[in-house]
Amino acid sequence: MATELSSTVNVFENPPAVRRITGAASAVFGMIGLAERGPIGEAVLLTSFADYTKQFGGYIADDQAYLAQAVKSFFAESRGQLWAVRTAHYGDVTDPDTLTAVRASEALVTPGAATVAEQIGGAAPFSIEDGATIVLDPNGTGDVTATFNGAAGVVLSSGSAPFSLADAETLIIAIDGGAQQTITLATADFGDISNASLLEVMAAINKELVGGAAVFEGVSGFKIVSDTKGTDSSVEIVGGTARADMGLAVETGNGTGNVADLAAVTVSEIETIVEDASALVAVDTDDSGNLRISTVLTGAAATLEISASTADAFGFTEGVEDTGADSSSTDAFTIEGKTHGTYADTISIVVEEATSGEADRFNLRVVDDGTTQETYVNLSSDPTDARYIVDILAAQSNLIRATDLEVVGSPRPDDQTITLSGGDDGLTDLADVDFLGAASEDGKTGLRAFDLVREVSVLAMPGQASSALHNGLISYCENEKEGQVFAVLDTPSALARLEAITYVETTAALIGSTEQAAVYWPWVKIANPSAAVFGSDDSIVVPPSGSVCGVFARTEQARLGGIYDAPAGPTRGILRGIVGVEDEAVLEKATRDLIYPKRINPITRMTGKPWTIDGARGLDADGNFPNVSERRGVNFIKRSLEDGLAYVRFEPHDESLRASVIRTSRGFLNTQMQRGAFRSVDPETAYQVVCDDTNNSAQDVFDQRINIDILLATAKPAEFVNISISQDTSAL
């Protein structure tokens, strides 16, 4: 409350006594599979089959590729939201960079600028001798010689043998500006140290000196010389008790030349010396780091020959003349498939004169199998231009992308036609783990792409039917999705009724495994959507999960509370998009009597009636919510309550908070009751909300925990209709 300092009127806003819980999204579906193109390991939202073809292309002829057919079946039944994920093979599913799919590609070329003449040598540094030369003839103007010199630093002794020395006397020297070195004389190294010979003195110095040496100078003298030859070379006589006796002054002798060290000549040194010798050439390195000498002049008039060289270490080939060119064809842009796959191997790129007529612009057409699919006009190679090719394709193309190879001057590509190649769908060695995927610091693959789609409520892997995949999908729904996502499962294809039972009951051990999944049999037939891909038959066999998910969506959308209605039966379970089933044994009641008790939902029809889903059972008969509509309805309630009661976090745990929780929960549940969620329309028998001392102990309060128990009497679908008929004898 505000502090009252003078007469005033204070107005305060209080939170509502009953907070409103908005129902969570429930008609949001997800499917994973193989696709012709499109992003891999990324969930893409679709609202129509046209969205699918725009993002993922068309149908593909692969015995594991059912995603396109399932998406088409889904939208044939409903107008729901569907997230699709494309997968492929990874060397390691924990590392998205090991994806084996490859984009098709090819380069667009540009005329390029005139080129220089050049000679390529080896990689620096180089070890050469004093006086080594390179003899150049640029542009036929005559030989030019570049000479490399380097002499060592030297200090000369003014004394002459014999030398009068004593044991333990010293000489202190620094070589090439390095650390001072102390040379200690020992009596044992001399015949008579007080009458030391020239050879003995030099041997004593060379025994300890590093980086230099004592050498003869004339008949009876010597000098100290650095091992380095060049301007980095030096010999400094610092001092020592034997210095004067040896005839050495305190002085520094520096090396000379035009390089720092003849044993390690650098490119920059060569550049200075060669370019000083001739203004017609330039020195640098090529893309591999090798020494390059080139002409300043460009075009066909530019020539360069190294006619002789005493510096073999530079690695030039002598006597070979290189000639420049007036223009050079250079790769300007790499054009690739927008996404990975062989789909782009049939794509051609046509560069033509710009519609605007501007010489530095161009039109680009994307042609697939002879038909122009995309056209972009008045494009530019200039990254600062509003029609920059890279930006335009990134924003508008569904088929290709461009990478700028950054040619100097950003020249316009030639008019040309190229065909992309080298694409790979990444299906070799495809395994179950590629569908299940993984989540790591490097990213998400396979099924784990749905981690980022919180609102998804139903998942399917159309046609991917194995024990590992089914149990992996169930585990994902129960664990990573915290029991708030339902799985729709297909049996493997071409299974007869007893084989389907064996798979569900034994092979995959699905019966009783979860409330969060339901399985459907047999596979269904749809009208052949592409004779070019699937042949001339009127229909093809596809997994039922796409159609089943569509019925789920349609049932939810039919009315408020539709999620509580069983997506099955002759009213809500009609499959509008199918024309038949793979195994017509399902038409027999005896077959359905076998499979339905095993929690397998049959797809069948009565004589003269549409094809329908004839079952609404989840896999666990003993669970709290064993039917599809019950389980999905409870998932919806759980997620809605989780979101709607989030305001409780960090509020003071007192009676007021508990009362607020009860009012808010009851308000939401009462609305769901009116929509058919429960067996009763009486709040006293339809649900209970408990949040009081009975389930919140003092320890719970101390542990900063609030417990809310909600009991639901969910509605059960009527599976069996019993009609009793008897004789009416009242009129007799």
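1. In this predicted model, strands S5, S18 and S17 make an open sheet of 3 strands, in the order S5-S18-S17, with antiparallel pairing. Its edges are strand S5 (116-123) and strand S17 (281-285), each of which pairs on one side only. From one strand to the next, the twist averages 25°.

2. Within that sheet, S17 and strand S18 (residues 290-298) are joined by 5 bridges in the antiparallel sense. Val 283 is placed opposite Ile 293 of S18. Helix H4 (residues 267-277) lies across both S17 and S18, and its direction is at about 175° to S17.

3. Another open sheet of 3 strands runs in the order S4-S21-S25, and its pairing is antiparallel. Strand S4 (105-110) and strand S25 (400-404) each have a single partner strand, so one side of each has no neighbour in the sheet. The twist here averages 30° from one strand to the next.

4. In the S4-S21-S25 sheet, strand S21 (residues 330-337) pairs with S25 over 5 bridges, in the antiparallel sense. Glu 336 has Arg 401 in S25 as its bridge partner. Helix H5 (residues 389-396) lies across S4, S21 and S25, and runs at about 155° to S25.

5. On cysteines: a search of the whole structure gives 0 disulfides. Cys 477 is in no disulfide, and the nearest cysteine sulfur, that of Cys 549, is 11 Å away. The cut-off for a disulfide is a pair of cysteine sulfur atoms within 2.5 Å. Cys 477 has a relative accessible area of 0% and is therefore buried. Cys 691 is buried as well, with a relative accessible area of 2%. Cys 549 is listed among the buried residues of helix H10.

6. Does the length of helix H10 come out as expected, and what are the figures? H10 (residues 545-558) has 14 residues, which at 1.5 Å a residue should span 20 Å; the end C-alpha atoms are 20 Å apart, so the two agree.

7. As for the surroundings of H10, 12 of its 14 residues are buried, so the helix is largely enclosed by the rest of the structure. The buried residues include small ones such as Gly 546, Ala 553 and Gly 550. The buried set also includes Arg 554 and Glu 556, along with Val 548, Val 551 and Phe 552.

8. On aromatic rings: the whole structure holds 14 aromatic pairs. One of them joins Phe 74 and Phe 75, with 5.0 Å centre to centre and 85° between the planes, an edge-to-face arrangement. Phe 74 and Phe 75 are both buried.

9. In the pair of Phe 678 and Tyr 687, the ring centres are 5.9 Å apart and the planes meet at 50°, so this pair is tilted. Phe 678 counts as buried because its relative accessibility is 6%. Tyr 687, at 8% relative accessibility, also counts as buried. The cut-off for both is under 20% relative accessible area.

10. One aromatic cluster is made up of Phe 49, Tyr 52, Phe 56, Tyr 59 and Phe 534.

How values were computed:
Residues are numbered from 1 along each chain as its sequence is written. This is a predicted model: local features need pLDDT of at least 70, side-chain atom pairs count only at pLDDT 80 or more; totals for chains, interfaces and linings use all residues. Side-chain values use heavy atoms; hydrogens and water are left out. Two strands pair if DSSP finds at least two bridges between them. Helices (H or I, at least four residues) and strands (E, at least two) are DSSP runs, numbered from the N terminus. Axes are lines fitted to C-alpha atoms, for helices over the stretch in contact, and angles run from 0 to 180 degrees between N-to-C directions. Contact means heavy atoms within 4.5 Å. Buried means under 20% relative accessible area, exposed over 50%, partly exposed in between (1.4 Å probe, protein chains only). The expected span of a helix is 1.5 Å times one less than its number of residues. Rings of Phe, Tyr and Trp (its six-membered ring) pair if their centres lie within 6.5 Å; planes under 30 degrees apart count as stacked, over 60 as edge-to-face and the rest as tilted.
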